[in-house]
Amino acid sequence: MQLQKLFFFISFLSFAAVQAQDSLQVTVENQRLTEKQLEAGKNYVIDTIIDGQALYKKEIKVVEELDLEKELLDNAHAAEIDEKWLQELYSNSLFDTIYKTVETLDYKDVDYPELSTELLKSRLAELNARTPFNVEYNTSLESVIKSFLKHRRKSFEKLMGLGHYYFPMFERELDNYNIPLEMKYLAIVESALKPRARSRVGATGLWQFMFATGKQYGLDVSSYVDERSDPIKSTEAASKYLAKLYEIFGDWDLALAAYNSGPGNVSKAIRRSGGYENYWNIRHNLPRETAGYVPAFLATMYIFEFAEEHGFKPVKPEFQYIETDTVHVKHMITLDQVGEATGVQIEKLQFLNPSYKLDIIPVVKGKNYTLRLPRDVVGAFVNNEEAFYASAKAEMDKREKPLPQLFNSESKTRYSVRSGDYLGKIARKFGVRVSQLKQWNGLRSNNLKIGQRLTIYPRNTAATTQSTSKKKDKVVISPNAKTYTVKSGDSLWSISQKFPEITVQNIRDWNDISGNKLKPGMKLIVSKG
């Protein structure tokens with residue numbers, strides 16, 4: 001794991017530095033002392049023994065370990081912004097907009113005086129000189145660029161924010177297969193950087209692989225996993241496919257056209273045009289969508305490369321790629337369980353792990369499935385890995401009962417989706433899990449529509465009446481209930497492990513806690529009595 005390697009490297013450097021200090025012996029503190037030289041009242045340790053004589057050094061105090069589980073207070077306004085950002089991450093409207101735009105390009109003149117034709121020509125010539133794509137000026141490309149600048153500014157600012165997270169992954173894989181790094185912009189045209197984007201014909205993921213093509217290039221698609229939505233694995237597959245297309249056509253523009261419509265349609269367009277091999281000369285013989293595909297790609301490249309000149313202000317991303325790391329999963333777990341153990345919101349875990357269709361990470365012989373986490377919780381997760389897996393397995397075993405035994409039909413409620421709702425928000429409202437909402441309602445994705453009716457078996461019965469009464473009913477607790485005083489480093493999950501009969505959700509319900517934040521000294525009810 002990268003984090004472990006980094007830790008080992010830092011430890012090695014620290015050790016080397018200490019050794020170097022010892023060898024120099026510049027100060028008294030670093031010198032080896034005989035027993036006679038020791039000063040009273042100071043602590044020493046034996047450094048070495050030479051010819052039967054012990055030599056001492058001053059004791060170095062161990063630095064107290066960082067408590068990775070300790071939670072810090074968040075800023076309420078910033079938390080509200082984060083929630084809106086999470087809604088944006090799981091909205092498909094941006095993908096639908098880009099997809100429709102590419103299909104309906106009309107190449108009409110666009111009035112955009114901020115960019116003159118002469119200035120555009122000079123910039124395209126500059127771009128053409130530093131990329132292997134044919135970025136030459138023509139009126140059709142000018143029309144698309146000006147149309148995007150005039151009508152798609154907000155969409156591109158959101159895409160630039162997402163690009164901060166995805167582009168480092170893309171560039172590494174593209175470079176491994178000698179693909180031009182500018183090819184990263186293709187994922188914008190294909191999916192608007194939505195890893196679970198699905199076209200009307202079934203193409204899925206950031207690079208929009210069809211089922212058969214994905215399988216051909218090693219992408220696993222099963223009931224649990226769709227690696228077409230995995231940012232790294234799908235980019236590796238796309239790189240292999242694009243490398244093969246370039247080998248066939250010897251031109252990156254034609255390779256792009258073939259990626260969209262298939263090599264057969266491109267070869268037919270070459271024949272119908274009389275043997276031309278320049279994209280712009282065969283474009284009128286390509287399918288309508290493909291005819292707009294390369295201009296949309298080149299226009300996107302131009303806007304990203306000259307974003308500063310056009311005054312774009314990218315939306316700040318939730319994560320930078322370097323701020324995350326992966327761990328290999330050893331036992332079947334759910335993202336809900338990971339969220340409870342780490343305190344990371346389910347929506348963030350879904351964003352970081354988009355290839356797990358049901359929010360379940362399976363363990364399959366011969367497959368290596370990973371969990372991507374924010375770096376600041378990786379250490380705590382790995383340090384408590386065995387306890388976490390044991391707890392997850394025990395809970396999984398309890399789930400093997402049929403649905404009627406788990407839920408009384410009288411507790412069932414129907415919920416109508418409102419503006420601003422998403423699965424994680426609804427799950428927290430009713431004290432259930434996202435995976436349960438999906439199971440009860442046969443949902444295959446995170447997409448919801450306003451007015452959609454959901455069936456819910458709530459643990460948090462107070463949430464059921466909240467729509468008719470603004471005051472939330474308190475859970476009735478016996479006077480004989482047991483309590484627990486929160487200590488530094490405690491989390492809801494670690495406390496639940498101290499009391500085998502309770503769950504994290506029990507603690508939340510009995511103590512009216514909606515999130516994961518705890519303060520040392522808090523008294524929590526850990527038994528209803």
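The protein chain exposes about 28600 Å², of which carbon and sulfur atoms supply 51%; accessible areas were computed by the Shrake-Rupley method with a 1.4 Å probe, and for residues only the protein chains shown count as cover. The model is predicted, and local features therefore require pLDDT of at least 70 and side-chain atom pairs pLDDT 80 or more, while totals for chains, interfaces and linings use all residues. Residues are numbered from 1 along each chain as its sequence is written, and side-chain values use heavy atoms, with hydrogens and water left out.

The protein chain contains 23 helices and 10 strands, assigned as DSSP runs numbered from the N terminus (helices: H or I, at least four residues; strands: E, at least two). Of its 529 residues, 47% count as buried, where buried means under 20% relative accessible area, exposed over 50%, and partly exposed in between (1.4 Å probe, protein chains only). Contacts are defined by heavy atoms within 4.5 Å. Among contacts between residues at least 6 apart in sequence, 68% join residues at least 24 apart.

Helix α4 was examined in detail. For its 13 residues, a rise of 1.5 Å a residue predicts a span of 18 Å, and the end C-alpha atoms of α4 are 18 Å apart, in agreement with that value; the expected span is 1.5 Å times one less than the number of residues. L120, R123, L124 and L127 of α4 are buried. These residues lie on the same side of α4, because they cover an arc of only 100 degrees around the axis, the arc being that of the directions from the helix axis to the C-beta atoms. The buried residues of α4 pack against α5 (139-151) and α13 (288-305). On the face turned away from the buried side, α4 carries the exposed residues E118 and A129.

Salt bridges were assigned where a side-chain nitrogen of Lys or Arg lies within 4 Å of a carboxyl oxygen of Asp or Glu. By this rule the count is 14. One of them joins K121 to E118, with the closest N and O atoms 3.9 Å apart. Both residues belong to helix α4 (residues 117-129) and are three residues apart, about one turn of the helix. K121 counts as partly exposed, at 34% relative accessibility, and E118 as exposed, at 57%.

A salt bridge between E247 and K244 has an N to O distance of 3.6 Å. Both residues lie in helix α9 (residues 231-249), three residues apart, about one turn of the helix. E247 is exposed, with a relative accessible area of 59%, whereas K244 is partly exposed, at 38%. Elsewhere, E126, R130 and E305 are joined into one network by salt bridges that share partners.

The side chains of K233 and E227 also meet in a salt bridge, at 2.9 Å from N to O. K233 is partly exposed, with a relative accessible area of 30%, whereas E227 is buried, at 6%.

A further buried acidic residue is D359, with a relative accessible area of 0%. D359 is located in the loop between α15 (346-352) and β5 (360-361). Leaving aside neighbours within four places in sequence, D359 is in contact with R196, I333, T334, L335, Q350, V434 and K438.
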